[in-house]
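User: I am new to this structure and would like a close look at one part of it. Please begin with one pair of strands and then go outward from there.

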Amino acid sequence: MKNVLVMGSFVADLAFRAARLPAWGETLMGSSFALGPGGKGSNQAVACARAGAKTQFFSKLGDDAFGKIARELWATDGIDASLVGTADVPTGAATIMIDQARGENAIIVVPGACFTLTPAEVSASAAAIRSASVFLTQLELPLDTVERGLQIARDAGVPTILNPAPAPERPLPDSLIALSDYFVPNETEAALLTGMPVENVEQAKAAAIELQRRGVRNVILTLGAKGALVQQADGSSTVIAAFNAGPVVETTGAGDAFCGGFAAALAEGSDLLSAVRFGCATAGISVTRPGTAPSMPHRKEIDELIK
Ligand code: RIB
């Protein structure tokens, strides 16, 4: 079976729901709280495994209660965590505030232990990266660590997916983004990375072409409820429509669901447009449920939505 290696973060998500977000200086009574597994890397690994791919996760955890949540999750979902090391700093956490009326969120993430993963440690695990069918990573790790992983995969001819999330504070070097065969930003990330407005499909296409000019091969620009724009290396562009799987409960983790589903489909040998469609279906189901990792659907549900 083809395997996906996901390199990225695990943090514990502390999710607070309220009728609206508080203003600065305001204390607001909320309606619910949940503590659960999160982190973009781990969320994507969970989505990928539940979508049916043999999945390996590469990160670091603290030796603490949040780290235990991670290991239990990965064991339940059959994710190979043999590459996950232990750091001498605590596992990170994210505070997620969810506006119930709009289904939107605001997040602060402190990556903690996973942010101690070094380029040298990535090099030490090069054999695992080289033997993967697909390599998937994001930006909740140090940039030089991300770059080392992508470079090892690229040198070995392993297809690379870079999800540039969270949106970088400073422009990413072209040398880094050019290591991605599939670059998967959302509208906000694409706008920040290119300095161009990304508010409609035409603008998304222009931003995707700019990213290709900087060295990316294929751009999959996720458009939320509008689906995803696929700007292929051959210059063709296609919009894949989003799937409506029911009322939206929470959009947190939708991008992670997309990336995990997309990577699983690519590893199975799907063509690019079919893999993007599969990713859209995965995300479409995840937004109908609360939480991040817990909201990721299983293969049977995705297949039922697609057919
Ligand atoms: O993409 C959603 C994730 O971003 C959350 O799980 C949170 O941990 C942050 O990393």
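In which sense do strand β7 and β8 pair, and over how many bridges?

Analyst: Strand β7, residues 91-99, pairs with β8 in the antiparallel sense, over 8 bridges. The model is predicted, so local features need pLDDT of at least 70 and side-chain atom pairs count only at pLDDT 80 or more, while totals for chains, interfaces and linings use all residues. Residues are numbered from 1 along each chain as its sequence is written, and side-chain values use heavy atoms, with hydrogens and water left out.

Some terms come first. Strands (E, at least two residues) and helices (H or I, at least four) are DSSP runs numbered from the N terminus. Two strands count as paired if DSSP finds at least two bridges between them.

One bridge of the β7-β8 pair joins Thr91 to Gly112 in β8. The two strands belong to an open sheet of 4 strands in the order β3-β2-β7-β8, with mixed pairing. β3 (32-38) and β8 (104-112) are at the edges with a single partner strand each, so one side of each has no neighbour in the sheet. On average, neighbouring strands here are turned by 15° against each other, direction ignored; the axes behind such angles are lines fitted to C-alpha atoms, for helices over the stretch in contact, and angles run from 0 to 180 degrees between N-to-C directions.

The other partner of β7 is β2, and these two pair in the parallel sense over 8 bridges. β2 also pairs with β3, in the antiparallel sense over 7 bridges. Asp13 shows both pairings: its bridge partner in β3 is Gly36, and Ala94 in β7 stands opposite Asp13. Strand β2 (residues 11-18) is mostly covered, with 6 of its 8 residues buried (buried is under 20% relative accessible area, exposed over 50%, partly exposed in between, with a 1.4 Å probe and protein chains only).

β7 and β8 also help to line a pocket. Both give two or more residues to the lining of the second largest pocket, and β8 gives the most, with 3 residues. This pocket holds about 240 Å³ of space. Its lining includes Phe16, Trp24, Thr95, Met97, Ala106, Ile107 and Ile108. Pockets are found on a 1 Å grid over the protein atoms alone: a pocket is an open set of points with protein on both sides within 12 Å along at least five of seven lines, a cavity is a set where a 1.4 Å probe fits but cannot get out, and lining residues have an atom within 4 Å of a point. Grid points are joined across faces, edges and corners, and the volume is the space filled by probe spheres set on the points.

Beyond this sheet there is another open one, of 8 strands in the order β4-β1-β9-β10-β11-β12-β13-β14, also with mixed pairing. Its edge strands are β4 (54-58) and β14, each pairing on one side only. Within it, β13 pairs in the antiparallel sense with strand β12 (residues 218-222) over 4 bridges and with strand β14 (residues 237-240) over 4 bridges. Leu229 in β13 has Leu221 opposite it, while Ala228 stands opposite Ile240 in β14. Both faces of β13 are covered, since Ala228 and Val230 on one side and Leu229 and Gln231 on the other are all buried. Helix α8 (residues 201-213) lies across β11 (182-183), β12, β13 and β14, at about 40° to β13.

β13 (228-231) also gives two or more residues to the largest nonpolar core, as do β1 (3-7) and α9 (254-268), among others. A nonpolar core is a set of buried Ala, Val, Leu, Ile, Met, Phe, Trp, Tyr and Cys residues joined through side-chain atoms within 4.5 Å. This core has 48 residues, and Phe258 is one of those that touch the most other members. The largest share, 9 residues, comes from α9. Not counting residues up to four places away in sequence, Phe258 touches residues including Val184, Ile220 and Val276, where contact means heavy atoms within 4.5 Å. A second, separate core of 37 residues includes Leu117, Ala190, Leu193 and Val216.
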